[in-house]
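Colleague: Please take a close look at one part of this model, the protein surface that faces the DNA. I would like a connected account of the contacts there.

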Amino acid sequence: MTSIHPLTIDAYNLFHKGILAFARAERAGIRVDLDYVTRKSEELTNKIASLEEDLRDTKFYKKWNKMTEKEVNYNSSTQLSNFLYKELGIKIKKETASGKGATDKETLQKLNIPEIDIILEIRKLKKNRDTYLKPFIREQVNGYVHPFFNLNTVVTFRSSSSNPNFQNIPKRDVESMQLVRRAIYPRLGHQLLEADYNSIEVKIAACYHKDPTMLKYLHNPKSDMHGDMVKQIFMIDDFDKTLPSHKILRDAAKNGFVFPEFYGDYYKNCAVSMACVWGQLPQGGWKEGQGIPMVEGTLADHMISHGIKSLKHFENHLEKIEKDFWENRFPVYATWKDRWWTLYTKKGYVDSLTGFRCGGVMRKNDVTNYSIQGSAFHCLLWAFIEIDRIMQEEKWDSRIIGQIHDAIILDVHPDELEHVKQVIHRVTCEDLPKAWKWIIVPLEIEMDCSPVDKSWAEKKKIEN
DNA sequence: GGAACTCGCCAC
DNA sequence: AAACGTGGCGAGTTCC
């Protein structure tokens, strides 16, 4: 159990005002298209039933049915795990936290059993119907849902959201994104506006450790930290992020190495993630023609030509890069991590830049991650409170309706759009750094907007 | 018959 | 020596 308490009066005031501002957003609520939700839920139910029939027809299912005593429930991870790993005797490649054979999507896909794809498809449809659409119906009042935004639940002093959770609506998977976000609408004659802080956690981390190399990256818009890592990790001299293959490698470096390293992961996990998940290369040895296509040949061709012929080789390669990453590229970041850990072991807590104290039992990674995560969110919270204040003072027709850690979402009258955008930009990027002197990096905000009377699925990036 | 747990999966 | 942070929530299972 972690014991936590706000430290300063500033921290107390931030949360006090934050709760009041959140309450106004909760009261405003979010309009949902109930007809659509009902219709789509029924559609999903039919699709699920049809896939269920397909599944029952398969040899896989019949075998499963024969081998187990009770009736097969393909939704049960317990039953599926037992059938695959005990009855069929498939070797367990990944275990769950409690040591049973895992049946998550990634693990199942590797088994190459076509019938399992049906189960995965059903899982996805059920997830969309039961986790996202259903609660809209359950929670709505007169066609509006009123998600809670809580400030008293998270160990890092971030927020959470519930009933329904507005902070985990599908975004990356295009099919799920469109399906669920099509249910979310602005008020009649309005449009939805979302403003996101760019890389706020990396920037706030830099305010803690002040690593000069990182500060240079953040101050120079032409520099590209992840591109530089691609050059080093994949040995590409002429890196060009407009090339599709280089874009994939950049995402691999960013999400498979740089961010995990910042959170405290290490080279072995990163090697698997980059090579196998992003690069589509196998776990063991690599052969020509394998992996994602490059400008010439494939990723395996490229890596082999540079002497890296297996995951094991790649791991060794990445071990050196990790050492270089912390010892030569970001040494000040690394010593800050050590310093904060030592501080924590002496005092039993660390104090954040936003005036909060994180104490109690923490692991090494927690000590640095908690402070950064909390303070990054507090930037958004400060802006939320200020925009909410201006909204009331100027008697906007527009309303703030929610927040997703580093983003604020509004329901805006078109006549007010330009002004609202201007206020958001000024508050988030200019007023905040003036108010909090410890912010020593430039802040940027990105905005997305839906057309008038169109759903959240139709939002597009706009200039601000 | 409900509480507590596990697992999987969505977001940042 | 160890090895990725924070949540919510639905469904299934196990415990009492």
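Modeller: A polar contact here is a pair of N or O atoms within 3.5 Å. By that rule the side chain of Arg158 makes a polar contact with a base of DNA strand B: one of its N or O atoms is 2.8 Å from a base oxygen. The model is a predicted one.

Arg158 is also among the closest residues to DNA strand B, together with Thr96, Ser98, Thr103 and Lys171, out of 22 that surround this strand. Sugar or phosphate supplies 89% of the DNA strand B atoms within 4 Å of the protein, and bases supply the rest. Two phosphate contacts can be named: Lys171 places a backbone N or O atom 2.5 Å from a phosphate oxygen, and Arg123 has a polar side-chain atom 3.1 Å from a phosphate oxygen. The surface near DNA strand B comprises nine charged, seven polar and six nonpolar residues. Helix 6 contributes the most to it, with three residues.

DNA strand C is surrounded by 33 residues, the closest being Ser76, Ser161, Asn163, Asn165 and Tyr370. For this strand, sugar and phosphate make up 69% of the atoms that come within 4 Å of the protein. Side-chain N or O atoms lie 2.5 Å from a phosphate oxygen of DNA strand C in Tyr370 and 3.1 Å in Arg138. Asp130 has a polar side-chain atom 3.0 Å from a phosphate oxygen of the strand. Helix 6 (114–139) again gives the most, with six residues near DNA strand C. This surface holds 18 polar, eight charged and seven nonpolar residues.

Terms used
Residues numbered from 1 in each chain as written. Chains lettered and ligands numbered in written order. Predicted model: local features only at pLDDT ≥ 70, side-chain atom pairs only at ≥ 80, totals over all residues. Heavy atoms only, no water. Near = heavy atom within 4 Å. Polar contact = N/O pair within 3.5 Å; in protein donor to acceptor, adjacent residues only side chain to side chain. Helix = DSSP H or I, 4+ residues; strand = E, 2+ residues; numbered from the N terminus. Nonpolar A, V, L, I, M, F, W, Y, C, P; charged D, E, K, R; others polar.
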